[in-house]
Every structure is written in structure tokens, then in C-alpha cells.
Amino acid sequence: MRSASDQEAGEQQVRDAVRRHVRTRAFAEAEDIISAVLSDPGVREARERVEAAETDLGLELCARLQSFQDRYDQAVAEGDADGLAGLCGGKHGRWGRICVLPGGHETSMEEPHWGRNSEGRPIAWVGSAPDDW
């Protein structure tokens with residue numbers, strides 16, 4: 001015969017397993033819905049227009065903001081943690097973007113986020129998202 005504490009521990013394991021299953025299922029359903037929305041032709045067209053505008057603006061700002069990219073590249077090459085810590089927190093990791101402007105630029109300099117995309121081309125964007133978004 002199992003003790004009350006053994007029975008309680010077993011019940012807790014079952015509850016934990018059910019919670020994990022429910023959470024996993026909810027995430028899978030959410031991913032299916034997100035994939036369906038993102039594959040919609042209208043959404044794809046809007047995304048392409050946004051990306052084109054971000055690329056155009058990135059190129060337009062390149063001459064004025066390239067020195068920030070150069071400082072970022074140098075800080076990365078030298079492992080300068082202090083130099084990197086002062087940068088803007090704006091990023092879109094999924095698309096390989098890291099803003100190379102100083103922290104707080106969005107309000108003080110009234111600039112969009114600016115850096116390079118994953119292909120190395122200049123890009124500017126508004127807003128930020130988690131790395132895994």
C-alpha cells in the first residue's frame with residue numbers, strides 16, 4: 001500500500017504532465033494559426049512592402065549613420081562589453097538585425113532603429129520584437 005505522500009507525489013506528477021501537454025498543445029495550435037496568417041497573400045505582400053521601405057530608409061540613412069556601425073563592428077572585434085552595453089536594445093533577432101545606435105536614440109535623436117540585416121545590407125526599422133518572435 002502506498003503512503004499518502006507517495007500518492008500525493010504521484011498525483012502531482014500527473015498534474016504536471018497534464019499541464020505540460022496542455023501548454024505544448026496550445027503552443028502548437030498558436031503556431032498553426034500564426035503560420036496560416038503569415039502565409040496569406042495579403043499579409044505576405046504587406047510584409048514585402050514593409051521590408052522594401054525598411055531597406056530604402058536604411059540606405060538613405062547609411063551615409064549619416066555608418067559611423068555607428070563602424071563603432072559596433074570595432075566593439076565586437078575587440079570584445080568591448082562597455083561599448084556594446086551602451087547600444088540601443090532594439091533588435092529583431094529572427095531577421096538578424098541589431099540596432100547599432102546609442103541607447104535612447106528613439107526619443108533623443110528621433111531616429112528609427114538602424115543597423116545591418118542578416119545579408120549585411122543597411123536597414124532601418126521602427127519598433128522592436130523579442131529575438132524569437
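Is Glu54 buried or exposed? Select Glu54 to begin: with a relative accessibility of 14%, Glu54 counts as buried. Keep in mind throughout that this is a predicted model.

**Stop 1: Glu54 and its partner**

Keep Glu54 selected and add Arg97. The two side chains meet in a salt bridge, with N to O at 2.7 Å. Glu54 belongs to helix H2 and Arg97 to strand S2, which covers residues 97-98. With their positions 43 residues apart in the sequence, the pair links distant parts of the chain. Is Arg97 buried or exposed? Arg97 has a relative accessible area of 7%, and that value is under the 20% limit, so Arg97 is buried. The contact between the side chains of Arg97 and Glu54 also counts as a polar contact, at 2.7 Å.

**Stop 2: a salt bridge inside one helix**

How many salt bridges does the structure hold? There are five in the structure, and the one between Arg97 and Glu54 is among them. For another, select Arg47 and Glu51. Their side chains form a salt bridge of 3.0 Å, N to O. Both residues are in helix H2, and because they are four residues apart there, about one helical turn separates them. Look at the surface around each one. Glu51 is partly exposed, at 30% relative accessible area, and Arg47 is partly exposed as well, at 38%.

**Stop 3: Glu119 and Arg121**

Next select Glu119 and Arg121. Which atoms should you look at here? The closest N and O atoms of this salt bridge are 3.6 Å apart. Glu119 is exposed, with a relative accessible area of 52%. Arg121 is partly exposed, at 44%.

**Stop 4: the largest nonpolar core**

Now turn to the nonpolar side chains. The largest nonpolar core has 13 residues. Select Leu61, Leu65, Phe68, Cys99, Val100, Leu101 and Trp114, the members that touch the most other members. Helix H2 (41-78) and strand S4 (122-125) each contribute at least two residues to this core. Which element gives the largest share? That element is H2, with five residues.

Stay with Leu61, which lies in helix H2. Leu61 is buried, at 6% relative accessibility. Show what surrounds Leu61: apart from neighbours within four places in sequence, Leu61 contacts Glu111, Pro112, Trp114 and Ala124. Measure from Leu61 to Ala124 using the C-alpha atoms. The two residues are 63 residues apart in sequence, and their C-alpha atoms are 8.0 Å apart in space.

Move on to Val100. What does Val100 touch? Leaving out residues up to four places away in sequence, Val100 touches Phe68, Gln69, Tyr72, Leu87, Trp114 and Gly115. Trp114 is thus in the contact list of Val100, and Trp114 is also in the contact list of Leu61.

**Stop 5: a charge over a ring**

Phe68 is one of the core members that touch the most others. Select Phe68 together with Arg71. The charged end of Arg71 sits over the ring of Phe68, at 4.9 Å from the ring centre. How many aromatic pairs does a search of the whole structure find? The search finds zero.

**Stop 6: two histidines**

Select His113, which is in strand S3 (residues 113-116). His113 is buried, at 5% relative accessibility. Add His105 to the selection. The side chains of His113 and His105 are joined by a polar contact of 3.3 Å.

**Stop 7: two long distances**

Finish with two distances between C-alpha atoms. Select Gly79, found in the loop between H2 and helix H3 (81-85). Gly79 is exposed, with a relative accessible area of 55%. Add Glu119, the residue from the third stop. Gly79 and Glu119 are 40 residues apart in sequence, and their C-alpha atoms are 22 Å apart.

Then select Ser35, which is in helix H1 (residues 4-38). At 45% relative accessibility, Ser35 is partly exposed. How far is the C-alpha atom of Ser35 from that of Gly127? The separation is 22 Å, for two residues that are 92 residues apart along the chain.

Note on methods
Residues are numbered from 1 along each chain as its sequence is written. This is a predicted model: local features need pLDDT of at least 70, side-chain atom pairs count only at pLDDT 80 or more; totals for chains, interfaces and linings use all residues. Side-chain values use heavy atoms; hydrogens and water are left out. Rings of Phe, Tyr and Trp (its six-membered ring) pair if their centres lie within 6.5 Å; planes under 30 degrees apart count as stacked, over 60 as edge-to-face and the rest as tilted. A charge sits over a ring if NZ of Lys or CZ of Arg is within 6 Å of the ring centre and within 35 degrees of the ring normal. A nonpolar core is a set of buried Ala, Val, Leu, Ile, Met, Phe, Trp, Tyr and Cys residues joined through side-chain atoms within 4.5 Å. Buried means under 20% relative accessible area, exposed over 50%, partly exposed in between (1.4 Å probe, protein chains only). Contact means heavy atoms within 4.5 Å. A salt bridge is a side-chain nitrogen of Lys or Arg within 4 Å of a carboxyl oxygen of Asp or Glu. A polar contact is a pair of N or O atoms within 3.5 Å; within protein, one must be able to donate a hydrogen and the other to accept it, and residues adjacent in sequence count only if both atoms are side-chain atoms.
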